[in-house]
Each structure stands twice: as C-alpha cells, then as structure tokens.
Protein chains: 4
Amino acid sequence: MNFASDNVYGVDPRIMQAMVDANTRLTDVSYCHDEGAKAVEQRLSQIFGKDVKAFLVMNGTGANSLSLSTIAPPHGGIFCHESSHINTDECNCPELFTGGAKLIPLPGEGGKIAPATVANKLNYFGHGEHAPKPTAISLSNATELGRVYSPDDIAALTAVVRPKGMKLHMDGARFANALVSIGCTPAELTWKVGIDVLSFGGTKNGGMMLEAVVFFDAALAEDFLYRRKRAGQLQSKGRFLSAQMLAYLADDVWLANAKRANRLASELGKGISASNHMRLSQPVEANEVFAVLPKASFDAVQAKGAFFYDWPIDGLNEDEIHCRFVTSWATPEEHVKDFIALLRSHA
Amino acid sequence: MNFASDNVYGVDPRIMQAMVDANTRLTDVSYCHDEGAKAVEQRLSQIFGKDVKAFLVMNGTGANSLSLSTIAPPHGGIFCHESSHINTDECNCPELFTGGAKLIPLPGEGGKIAPATVANKLNYFGHGEHAPKPTAISLSNATELGRVYSPDDIAALTAVVRPKGMKLHMDGARFANALVSIGCTPAELTWKVGIDVLSFGGTKNGGMMLEAVVFFDAALAEDFLYRRKRAGQLQSKGRFLSAQMLAYLADDVWLANAKRANRLASELGKGISASNHMRLSQPVEANEVFAVLPKASFDAVQAKGAFFYDWPIDGLNEDEIHCRFVTSWATPEEHVKDFIALLRSHA
Amino acid sequence: MNFASDNVYGVDPRIMQAMVDANTRLTDVSYCHDEGAKAVEQRLSQIFGKDVKAFLVMNGTGANSLSLSTIAPPHGGIFCHESSHINTDECNCPELFTGGAKLIPLPGEGGKIAPATVANKLNYFGHGEHAPKPTAISLSNATELGRVYSPDDIAALTAVVRPKGMKLHMDGARFANALVSIGCTPAELTWKVGIDVLSFGGTKNGGMMLEAVVFFDAALAEDFLYRRKRAGQLQSKGRFLSAQMLAYLADDVWLANAKRANRLASELGKGISASNHMRLSQPVEANEVFAVLPKASFDAVQAKGAFFYDWPIDGLNEDEIHCRFVTSWATPEEHVKDFIALLRSHA
Amino acid sequence: MNFASDNVYGVDPRIMQAMVDANTRLTDVSYCHDEGAKAVEQRLSQIFGKDVKAFLVMNGTGANSLSLSTIAPPHGGIFCHESSHINTDECNCPELFTGGAKLIPLPGEGGKIAPATVANKLNYFGHGEHAPKPTAISLSNATELGRVYSPDDIAALTAVVRPKGMKLHMDGARFANALVSIGCTPAELTWKVGIDVLSFGGTKNGGMMLEAVVFFDAALAEDFLYRRKRAGQLQSKGRFLSAQMLAYLADDVWLANAKRANRLASELGKGISASNHMRLSQPVEANEVFAVLPKASFDAVQAKGAFFYDWPIDGLNEDEIHCRFVTSWATPEEHVKDFIALLRSHA
C-alpha cells in the first residue's frame with residue numbers, strides 16, 4: 001500500500017506499448033523535430049480549441065522552470081503560493097532557468113491564492129526598481145494540497161494581474177485531475193480565463209517522462225527551442241517523448257486515468273473522515289488526501305507496510321502528524337479499501 | 001526637511017577631504033590593490049579584534065549579494081526576514097550573485113528573526129534535494145524597521161543554525177547605528193556570537209560609496225578577488241575607496257556620526273509618541289522611526305515641504321498611513337524640531 | 001541510409017526490454033533513489049575498478065554541464081577544444097549550469113587539445129582576477145571529429161594542468177567507442193591518467209536517455225543530488241533510467257555495440273578513401289567519418305535518399321563540401337555497403 | 001614613470017571639484033534619479049545629435065556587461081574580438097549579467113574584427129538551437145591594442161550582422177581617444193553606422209567612476225532601471241556620478257584629455273620606433289603603444305623605476321617580450337621624454 005506519490009507507480013501499459021512501437025522505426029528525426037512532435041502540437045491544439053505552441057520536455061520541474069523563463073525576466077518577480085511546487089520542491093530550478101527571478105510566496109487556504117492577497121501584495125511593489133518587477137503569477141492546478149482552481153477562480157486572479165501587465169502560468173503537473181474534478185473543457189480552464197502558458201503534465205498520470213510546455217500566447221514561444229536546449233531539457237531521441245504524449249491523449253487515456261485517481265482519493269478521504277481519530281485538513285478535490293493523524297497511528301500503519309509521507313504544517317498538537325496520501329491511475333482498488341481498514345484499526 | 005533616507009544626504013566633509021587628498025598622488029596602484037586597501041584591512045582587524053579579510057566594494061547591494069555568494073551555493077537557501085533589504089530592495093541581485101540561491105523569507109516582529117521561527121522552518125527542509133539546502137541566514141543589524149539585534153539575540157540564532165552547518169551573514173548597512181545603540185564592541189556584535197561575514201556599510205553614515213565585505217571566517221574569502229571582479233564590484237581607481245574608509249574609521253567618525261543620527265531619531269520618536277494623533281509602530285532603537293499617521297496629516301506635512309516615505313504594512317485603517325523617517329549624521333538639528341512641530345500642528 | 005547521427009537510431013531491444021520489465025513492478029522508489037540506481041553505482045565501480053559516485057541524468061548536455069559545475073566556479077575558466085560539443089552544441093547550457101563559467105576554446109588537430117597549447121594558453125592567465133580563474137579542462141573522447149585520446153595523451157595533459165590545480169572532465173558521449181578503439185581498460189582511460197569526472201554516455205550507443213555523471217574524485221560529488229535536482233536533470237520515475245543502464249552494462253552490450261559502430265565507420269572510411277573524388281579529412285578512429293566531397297556528389301547522393309550533414313570547416317574550395325558520417329550500433333550493414341557504392345557512382 | 005594603465009592616474013581636478021561642489025547640497029534625490037542624471041541624458045543627447053537614453057553606472061565592466069544583457073538573451077551568442085576586454089578582462093561578468101550568453105571570440109589584426117571573419121563565422125550557426133543564437137556583436141573602440149575602428153569599418157560590420165537581426169555594442173572605455181583619433185562626430189562613430197548601445201567610458205580619461213550606458217535604440221532601454229539595480233550597478237548617492245559626467249562633458253574636457261593622451265602615445269611610439277632594438281607591434285592610433293622589447297631592456301628599465309606591463313602574444317623569440325604602454329590625460333610630458341631616453345639607453 002503505497003500512497004507516497006503518484007510517481008511511485010509505473011507507466012500506463014498503453015503508453016509503454018507506444019514507446020515499444022516507436023522503437024520499430026529504424027530511424028527517426030532526432031531532437032524533438034520528429035513528425036510525432038508535430039502531431040502532438042496538433043492534438044493539443046484540438047484539445048484546447050486553439051492553435052497552441054507545444055514543446056515536449058524532460059520533466060515537470062523543467063516544464064515549470066522553462067515556462068516561467070518566458071514570462072519573467074531575471075529582474076522579475078513571480079507571485080506564487082508559498083506551498084507551490086516551484087517554491088518548495090524544485091530546488092531553485094525556477095531561479096536557475098529564469099536567471100534569478102524571484103518567487104514571491106503568498107499564503108492562501110488550500111494552496112490557492114486569493115485575488116485580494118495578490119492585490120494587497122502589489123501595493124508593496126510601488127517604489128520602482130528596488131523590488132523585482134512583478135511580471136508573472138503561477139498557479140498550481142490541482143494545488144499541492146489537492147485543491148482545484150475553477151475557471152472563475154482563475155478569471156478573478158487574471159482580473160487583478162492582467163491590468164498590471166502580468167502573465168499567468170499554470171503548473172499542471174496534475175492538470176488532468178483538476179480538469180475532471182471541475183468537469184469543464186481544457187479551454188475553459190486555461191486560455192479562456194487568462195492562462196498564457198501551461199505546464200501540461202502527464203508523468204504522474206501514467207507517463208514515463210511526459211511533460212509539455214503549452215503556449216496559448218504564441219509570442220512567448222519565440223526562441224523556446226533555444227531555451228529548451230539551453231536548459232538541458234531537449235531529448236535527442238525525441239520520438240519516445242512524442243509517442244508517449246500521443247498515446248496519453250488518445251482514447252481519453254489521460255482523462256480516464258485522472259478520473260480513476262480522483263475517485264480513489266475521494267474514497268480514501270471518505271474513509272478517513274468517517275473515522276473519529278483522524279481529520280481531513282483539506283476537502284478532497286483531486287487525487288490527494290491530507291489528514292491529521294495521531295502519531296501513534298502513523299507509526300503503526302507504516303510499520304504494517306503502508307507508505308506515505310508526513311507533510312509538515314504549523315499548528316498541530318504534539319501527538320499529531322499531518323500526512324499526505326496520493327492516489328494514482330494505477331493504485332489498486334483494494335489497497336485503498338485495505339488501507340482505510342488499517343487506518344481505522346489503529347486509532 | 002528630508003527624512004526620506006540617510007542617503008539623500010551627502011558625504012562627510014572629512015571623508016570628502018580624504019578623497020581630495022588621495023587625488024594628490026600622481027599615480028597609485030589600481031583595482032583595490034593599493035596600500036590604502038591593505039591599511040583598511042589592518043584597521044578593520046584592529047577594530048574587530050581579529051584578523052579579518054576585508055574587501056572594498058561599490059555599494060551595499062553588492063556587499064550583501066557578494067557576501068551571500070560565499071555562504072550559499074546556487075542550490076542553497078538563505079533564511080532572512082521577509083522585510084530584509086536583500087529580500088525586498090535589491091531587485092534579485094542576491095539571486096544573481098549567488099547564481100540563483102533562494103531567499104527564504106521569515107516573519108518576525110520589528111524585522112528581527114526569532115530563533116523559534118528558524119527552528120520551525122528547518123522542519124520543512126527534511127526531505128532532501130527537492131528543497132534548497134539551507135546553508136545560510138542573513139540578519140540585518142539594525143533591521144529595516146530600525147530595531148537592533150543584541151549579541152544575545154544573535155547567539156541564540158547561531159545556536160539554532162550552526163548545528164545544521166549554516167553560516168551567518170550580517171547586513172550592516174547601518175552597523176554603526178546598531179553598535180552604538182547597544183554599546184558593545186564590534187567583536188561582541190559579530191564574530192564572537194557567530195557572524196561569519198559582515199557587510200560593513202558606511203555610505204549611509206557619511207560615505208560616498210563606502211562599503212566593505214568583512215570575513216571573520218577567512219576560508220570564505222578564498223577566490224573573493226575573483227568574485228568581486230566578476231560581479232562588477234571592483235573599482236579601478238581603488239584609492240578613492242580606501243581613502244573614504246580610512247577617514248571614516250579615523251577618530252571614531254563612524255561612531256560619532258551614528259550616535260548623532262540615533263539621537264535625532266530618538267528625539268523624533270519622542271515627539272511623535274507625545275502626539276495623540278500619531279503612534280509609533282516600532283520602538284526607536286537606531287536611526288529610523290516608524291509611525292502610523294492620519295493620511296490627512298501625511299498629505300498636509302508633505303505639502304509643507306517635509307519629505308519622507310510611506311511604508312506599506314498590513315492591518316491599517318483606511319484613513320491611516322504607515323511612514324518611515326530616517327535621520328542621518330547630517331540631518332540638521334532644527335529640522336527635527338521643526339518637523340515635530342509641523343507634525344503636531346496637523347493633527 | 002541515414003548517417004546523420006547515432007541518435008537517429010532507436011533503442012537497443014535489450015535495453016527496451018529492461019524498461020518494459022521495470023514497469024512490471026507495481027511501485028518503486030522515485031527520484032533515482034531506487035535500488036537500481038544503487039546497483040548502477042556498484043556496477044560502474046566494478047567496471048572502473050574503483051569506488052565511484054555515479055548519478056543518472058536526463059541527457060548528455062545535462063551530464064556535461066552538471067559535471068562542469070562541480071569543477072568550475074562561476075568565476076572559472078574551462079579549457080576545451082573549440083569544436084567541443086560543450087562549446088558548439090549545447091547552447092550555453094554549460095554556462096547556465098556553472099553559473100556563467102567561461103569556456104576557453106583552444107585549437108587542435110582532430111578535435112584534440114595538445115599539451116603545449118594548454119601550457120601556452122596558461123601564460124595568458126597570470127594577471128589575477130581580471131581573467132577567469134582557470135580551474136578545469138574538458139576533453140571529448142571520442143572527439144567531435146571522431147578521434148580518440150589515448151591514456152598517454154590524457155596523462156600528458158594532466159601533467160600540464162594538475163600542477164595548476166585544475167580538474168579534468170571527460171565528455172564521454174562516445175566513451176565506449178573511444179574505449180574499444182584503444183583497447184585499454186576503463187580505468188586506464190580515466191582516473192588512472194587523471195580524469196576527475198566523466199560524462200558516461202549511452203544514449204548514442206543504444207539507450208533512450210542513458211547518461212551518468214561518474215565521479216572518480218568523490219569530494220566533487222558533494223551536493224550533487226542538489227545540483228541534479230536544481231538543473232531539472234532528475235527523473236521522477238528513476239527506475240527507467242537505472243533499468244537502461246543495467247541492461248547496457250550487462251553482457252558487455254555497451255562494448256559490443258561500440259565495436260560494431262566503429263567497424264562500420266572503418267569500412268565506410270575505407271570506401272571513401274578508396275575513391276579518387278573524395279578524401280577523408282580525419283583518420284577514422286571511432287564511429288565517425290569526416291570527408292570532403294564535391295558539392296555535386298553531395299547533392300546527388302542526398303537526392304537518392306542518403307542523409308548526412310555537411311560539417312563546416314574553413315579552407316575548402318568553392319565546389320567542395322565537408323561532411324560527417326556517423327555509424328551506430330544499429331546501422332544496417334548493407335546500408336554502409338550501399339552507401340559506399342552510391343558515393344562512388346556519383347563522382 | 002608609470003605607463004601601466006590610464007587608471008593608475010587620479011581624477012581630473014575639474015571633475016573632483018564638481019564632486020566637492022555637489023556635496024554642498026544638503027540633500028539630493030538618491031539612486032540616480034537626481035536632476036543631474038537628467039541633465040546628463042540631455043547633454044549626451046546633444047553630443048550625439050539624437051535623443052538617447054543614458055544611465056550612469058559604477059564601472060566599465062558593469063557598463064559593458066549590462067549593455068550586453070540588453071542585446072543578448074541567455075541563449076545568445078555575442079561575437080567579439082578574442083582580445084576584447086569583455087572576453088579577457090572582465091572575469092565572466094558579461095556571462096553573469098547576461099545570464100550565461102556566450103562570447104564568441106574572433107581573431108583579427110590589431111584587435112579589430114573584419115567583416116569577412118564575421119560572415120564566415122556565421123556559417124557555423126546554421127543548425128538551429130544547438131548553438132547559441134547569434135544576436136550581438138561587440139566592438140571595442142579604441143581596441144585593446146590601441147587601434148581604432150573608423151565609421152566605415154563599423155558600417156561594413158553592420159552590413160554583415162544587421163540582416164541577421166544582430167545588434168551592435170561598442171565598448172567605449174576609450175571612446176574619446178578613438179573619437180579624437182578619427183576626428184569625426186560622436187554620431188558618425190556610433191548610431192549613424194549602426195551602433196545600438198555604447199559603453200561611454202570616462203574613468204580612464206579623468207573620472208573617478210564615470211561610466212554611462214548610452215542607448216541609441218530606446219527600446220533596448222526598457223527595464224534598464226531594473227537591470228542596473230539588479231546588477232549592483234546603482235549608486236545611492238547618485239549626484240556624485242552625475243556631477244562627474246557633467247564636468248567631464250563641459251568645456252570639452254573629455255576631448256581635450258583624450259587628445260593629450262593620444263599625443264603622448266604618439267610621441268612615445270615615435271621614440272620607440274626610432275630605436276633599433278625595439279619594434280612597435282601596432283601602429284599607434286589612440287593612447288596605447290605596443291612594442292616588442294629585448295627582455296634585458298625590459299628588466300633594466302623596470303629596475304630604474306619605469307612601470308608598465310608585459311602583454312603576452314604568441315610568436316616571439318625567447319629573448320623578447322611584448323609590452324603595453326598607456327598614456328593618459330595626466331601623464332607628465334617629461335615622463336614620456338625621460339622614458340624614451342631610458343628605453344634607448346638600455347638597448
């Protein structure tokens with residue numbers, strides 16, 4: 001029973017098969033200029049209902065950091081949630097790829113940034129060149145606390161930042177999970193409400209290294225070929241990236257996988273909240289569950305072979321621990337059931 | 001009546017004279033390898049009671065950012081106060097000179113970081129390479145809110161971070177003001193309580209461009225000549241830097257100037273707190289005064305020719321404004337008196 | 001008939017099978033901390049006859065640029081051949097990952113740097129901090145012109161740079177090709193003659209994304225986990241990297257593949273040099289062939305479906321073109337034969 | 001007798017007096033937003049016959065590196081002479097401020113780049129994103145070998161690079177020396193022949209820290225206030241920069257000083273070439289003289305108190321040494337005469 005992360009699971013068999021199939025071609029154009037890469041861009045344009053510029057990259061950290069490099073100059077400031085992956089889990093890669101732009105961490109319930117928080121923070125940037133120039137905001141959807149921004153949520157943020165000339169990035173490492181949670185179209189969750197560039201992630205949802213940077217504002221993509229190469233994010237045998245993405249997007253694999261993961265999280269969340277010795281710290285909206293457990297329970301279930309991470313937050317009692325549980329496209333159904341039973345048995 | 005900043009005032013005449021005198025030498029060794037630069041290092045070693053390595057640089061932002069580059073690798077994290085100059089007023093120069101190290105902003109009353117805050121934050125850095133490696137902490141003394149760290153304050157922080165292998169930087173843009181406020185020795189405020197590297201600032205206290213990076217841990221100074229040059233912080237006609245510093249340190253000019261500035265701030269603070277329509281937001285400990293004014297008063301006194309900055313903080317009423325007043329070695333005595341009278345007359 | 005690059009070919013079936021097999025594990029530890037990653041380090045230690053520190057990364061540009069970041073500070077200089085991949089084909093990634101270290105390009109026959117050239121260049125670095133500090137040298141083996149450094153060649157360079165405190169990097173994107181060309185042991189070609197860090201490449205020789213940074217000087221590996229993450233070179237589902245490397249190193253796949261590629265290059269070279277309208281520009285020592293063709297021949301054979309790159313050099317006649325031909329582990333035998341025949345038929 | 005560099009001399013008394021005068025103002029607007037800074041921009045606009053954007057910075061390395069940051073992205077390539085100051089004497093500051101752009105060193109007689117050399121080099125940049133994007137060229141005028149580019153020289157380079165979308169920077173650390181050598185107008189030597197941004201240097205010609213970045217293409221200046229601050233190139237007490245520049249440009253001080261320095265160099269050059277044991281290696285066109293001396297002569301005259309640098313070049317005999325002699329606005333006339341006599345007496 002492993003709820004540590006969605007990336008402890010492997011690759012969707014359909015995606016793996018696509019990689020095997022891609023290998024039957026004796027040769028292919030290298031460096032992501034293969035026909036498959038073009039097909040990816042076309043397919044994503046269909047999905048998003050708009051001609052996008054799409055570039056396959058090596059991983060999510062690369063996708064985010066490269067995206068940010070197109071909307072924040074080195075002297076820029078990037079508003080983000082204080083718990084955002086770019087701020088806490090990418091070890092300064094955003095700073096590296098942007099040339100030193102500053103992430104401006106903001107608080108917010110559930111990993112979400114509120115428009116009023118942004119508006120207030122902007123008041124601190126009125127004295128010219130001493131502070132970084134606020135040029136970008138990055139939203140994680142789903143958030144690092146398993147919550148989702150609705151189209152309205154995003155539109156309200158856009159209304160605050162667009163008049164300041166700021167651009168919007170979405171970290172979509174779990175974009176599919178957010179999308180199926182809301183039930184809107186990809187367009188409605190992105191460019192129609194102001195997103196300029198999206199890290200479209202698939203690795204966590206069944207891929208091997210399956211990430212694309214998707215530009216809704218084509219002007220931002222200028223020189224992106226250079227940026228990708230410079231950042232070491234260019235795969236030489238690019239066919240194995242395009243094959244993954246095409247298989248992921250075919251037959252709604254990406255949506256089905258996300259739905260499954262979200263459903264399992266919902267079940268896990270219900271199981272936890274039904275217990276009287278544990279409490280959810282967040283509503284379950286995507287494929288992550290956050291809960292406060294007695295430390296004794298934590299130790300006991302880990303000793304029984306369940307694996308998941310503690311997730312530090314402030315304000316706990318000494319005998320409590322805050323934990324994250326992630327479900328995935330591949331988490332066995334029975335693991336969820338068994339785990340709920342296990343948790344309950346160690347009150 | 002100008003209380004906008006200590007740097008709106010000019011250069012102490014004794015320092016200016018030293019520059020004029022330095023110009024009487026037909027030639028001198030360039031690039032800060034002049035005899036004066038060596039004398040500066042010796043003089044600072046005397047003052048700090050320890051053999052230091054000292055390097056003259058162009059300005060305070062350079063001093064801070066270069067200092068940090070010696071104690072934080074590009075993949076490092078630098079704990080600092082959220083209001084610290086390096087975090088809010090150096091437009092990503094620390095990020096630039098360190099190669100992208102991340103400033104980790106911490107809250108704290110009066111611009112001071114509390115040991116418990118650091119200890120708690122360190123709990124969030126236990127999962128390896130995903131977060132930056134916490135390698136440094138930077139303290140501003142005096143703080144950006146005009147408060148001072150005592151030797152005990154610093155020792156308590158050192159006790160938290162040293163066991164983690166972290167190094168300590170002090171931003172001493174107003175070091176003299178802090179020192180004379182406390183009344184201890186320079187050694188007691190720095191290396192004796194764990195400071196590894198100090199930005200020793202003199203520009204605000206009577207210099208023209210009068211800043212040194214002072215290393216108490218000589219190992220950190222390795223390659224600093226290269227670092228200084230690479231960062232564009234090397235003055236070719238270096239004699240004009242060393243002349244300033246030698247004059248600044250001679251005859252306790254630096255201490256006398258700081259005392260005067262602090263005294264004027266204290267008087268201004270008393271004048272404000274004696275009024276019933278204004279309130280100090282911070283105790284006055286160095287040469288800065290922070291107060292909440294009615295917006296109407298702000299407008300009125302500015303219209304009468306007083307100049308100072310609003311200083312955004314959260315939690316004010318709509319008709320209030322938070323302001324900073326800085327006094328300096330050169331602020332005329334009567335300006336303080338007149339300004340207090342002016343403030344009171346516009347309740 | 002495709003001689004454009006070794007990376008236009010796919011993945012060795014044994015390596016692909018290993019990836020498929022790795023996918024049968026329901027879960028595995030992520031972020032390259034899997035058991036496979038440890039096995040890779042052990043296996044490489046066996047192969048090199050020394051306890052090495054080895055880290056899997058995403059691609060060759062990443063391997064090189066990260067390697068260099070451990071031996072050159074941002075204010076450092078890295079001696080390299082002017083035609084080296086790091087200098088001409090990595091779009092400033094070495095500059096990015098090192099934080100701005102300078103590549104110092106040197107001339108040299110066959111892409112090889114001569115000891116005397118290095119010794120002479122060092123004479124230009126005697127004036128202190130104005131020039132970058134020369135701290136590193138990078139050698140490509142095989143070189144970008146298909147030539148190889150022997151152990152003696154390397155030892156002679158080490159003798160020049162080691163007394164200056166410089167460290168040695170080897171770009172081994174085609175390390176196996178160099179190794180089997182010389183016929184020595186991996187140890188003899190690396191640490192026994194002074195190499196400190198090696199980019200051990202396997203992508204071109206049958207992998208998908210199959211690159212490791214191998215440290216012979218373990219001290220250089222300190223913080224490398226952070227470096228790798230920060231640079232976006234960390235694969236989340238790391239089992240698919242370790243599986244590749246273990247399959248590559250098993251049963252001497254890596255050596256056999258390289259031998260085959262070298263043999264085909266040798267045959268192609270003989271075919272070309274036997275013609276009287278083409279001439280080799282370099283002896284064929286690994287898996288690349290460089291030759292001068294009449295432009296008319298180039299156009300004719302490309303029109304017939306042969307694909308390879310022109311490779312600009314100075315000093316050609318107007319009707320000549322310099323070309324590169326790369327053979328690989330997967331290049332069909334008959335393509336080489338057919339291509340030779342085609343070339344000859346278009347004199 | 002000191003011919004080591006123009007920066008071993010001090011500050012022109014008129015410029016020093018202007019600094020003293022600036023100090024009589026009790027307060028002034030800080031951070032280079034003073035009225036003096038605006039006057040500098042206006043004065044430079046007059047001098048260049050065009051509305052320029054001009055920014056005072058701390059030193060020449062800063063001026064060059066910041067200039068380049070506006071015309072070369074981090075993934076860009078900057079063509080420059082292999083002996084250029086940015087390539088050999090700024091310790092990777094251009095790489096730092098540009099975020100890792102690559103300097104592409106080119107050979108060329110007298111430190112000058114020939115159009116054909118640029119055109120040929122561009123042939124090597126035809127394969128897309130693997131190489132840096134060639135976006136800029138930097139010319140030193142006068143060159144590091146004391147030679148000058150004429151307007152025609154520059155126009156010929158512009159004709160090669162402009163169609164490729166490249167921008168042109170001029171390193172004018174000795175701009176005045178080049179200008180008076182040619183006898184054209186400032187406009188004719190810069191924007192009229194294609195220069196987009198100029199490092200307008202005055203430190204070597206009588207200033208203390210007297211450097212401006214001058215944009216002829218105003219669009220490049222966007223965000224430059226942020227760039228200057230971020231790079232640590234912003235002086236807080238900016239009045240002391242503007243005062244220097246205004247005094248430098250008043251009464252043709254800058255031109256008169258340059259003429260004097262050039263004349264002395266010419267005399268020194270004649271004295272050397274009249275000797276039969278020394279030979280000039282470059283025609284004397286500005287304020288630098290380069291000559292090959294017998295090593296014995298070098299040692300003898302240095303022992304007699306003459307100070308100047310050896311200047312390594314290839315191709316000398318073992319008993320020869322190549323040297324640089326710099327004259328300045330302040331070099332005493334008699335020192336030149338005495339030095340010529342001294343040199344001759346030590347054949």
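In this predicted model, 21 residues of chain A are in contact with 21 residues of chain B. On chain A's side of this contact, the elements that give two or more residues are H5 and strand S3 (102-106) of chain A. Sorted by class, that side of chain A holds nine nonpolar, seven polar and five charged residues. Of the interface residues of chain A, 100% are also interface residues in chain B, so the copies meet through the same surface.

How are chains A and B placed relative to each other? A turn of 180 degrees with a shift of 0.0 Å along the axis lays chain A on chain B, with an RMSD of 0.0 Å. The two copies are therefore related as by a two-fold rotation axis. Within chain A, Gly100(A) has the C-alpha nearest the axis, at 2.5 Å from it.

Chain A also touches chain C: 37 residues of chain A are in contact with 37 residues of chain C. On the side of chain A that touches chain C, the elements giving two or more residues are helix H1 (13-22), helix H3 (60-71), helix H5 (93-98) and helix H10 (224-230) of chain A. That side has 15 nonpolar, 17 polar and five charged residues. H5 of chain A thus appears in both lists, for the side that touches chain B and for the side that touches chain C.

The table sets out the class counts for three contact sides.

| Side | Nonpolar | Polar | Charged |
|---|---|---|---|
| Chain A, touching chain B | nine residues | seven residues | five residues |
| Chain A, touching chain C | 15 residues | 17 residues | five residues |
| Domain 1 of chain A, touching domain 2 of chain A | six residues | six residues | three residues |

The last row concerns a contact inside one chain. Chain A is divided into domain 1 (11-252) and domain 2 (258-345). The C-alpha centres of these two domains of chain A lie 28 Å apart. In chain A, 15 residues of domain 1 are in contact with 13 residues of domain 2.

H3(A), one of the helices on the side that touches chain C, has 12 residues. From its first C-alpha to its last, H3(A) reaches 17 Å, close to the 16 Å expected at 1.5 Å a residue. H3(A) is mostly covered, with 12 of its 12 residues buried. Among them are Gly60(A), Asn64(A), Leu66(A), Leu68(A) and Ile71(A).

A helix in chain C can be described in a similar way. Is helix H8 (residues 175-182) of chain C enclosed or open? Seven of its eight residues are buried, so H8 of chain C is largely enclosed by the rest of the structure. The buried residues of H8(C) are Phe175(C), Ala176(C), Asn177(C), Ala178(C), Leu179(C), Val180(C) and Ser181(C). These buried residues pack against strand S5 (167-172), strand S6 (197-201) and helix H11 (253-273) of chain C. After H8(C) comes Gly183(C), whose phi is positive, near 85 degrees.

Chain C also has an open sheet of four strands, in the order S8-S9-S11-S10, with antiparallel pairing. Strand S8 (279-280) and strand S10 (309-310) of chain C are the edge strands, and each pairs on one side only. S10(C) pairs with strand S11 (residues 320-326) of chain C in the antiparallel sense over two bridges. Opposite Tyr309(C) stands Arg324(C) in S11(C).

Key
Residues numbered from 1 in each chain as written. Chains lettered and ligands numbered in written order. Predicted model: local features only at pLDDT ≥ 70, side-chain atom pairs only at ≥ 80, totals over all residues. Contact = placed C-beta atoms within 7 Å. Nonpolar A, V, L, I, M, F, W, Y, C, P; charged D, E, K, R; others polar. Least-squares fit on C-alpha atoms with pLDDT ≥ 70 in both. Expected span 1.5 Å × (residues − 1). Buried ≥ 20, exposed ≤ 12 C-beta atoms within 10 Å, placed from the backbone. Domains from an automatic or database assignment. Pairing = 2+ DSSP bridges.
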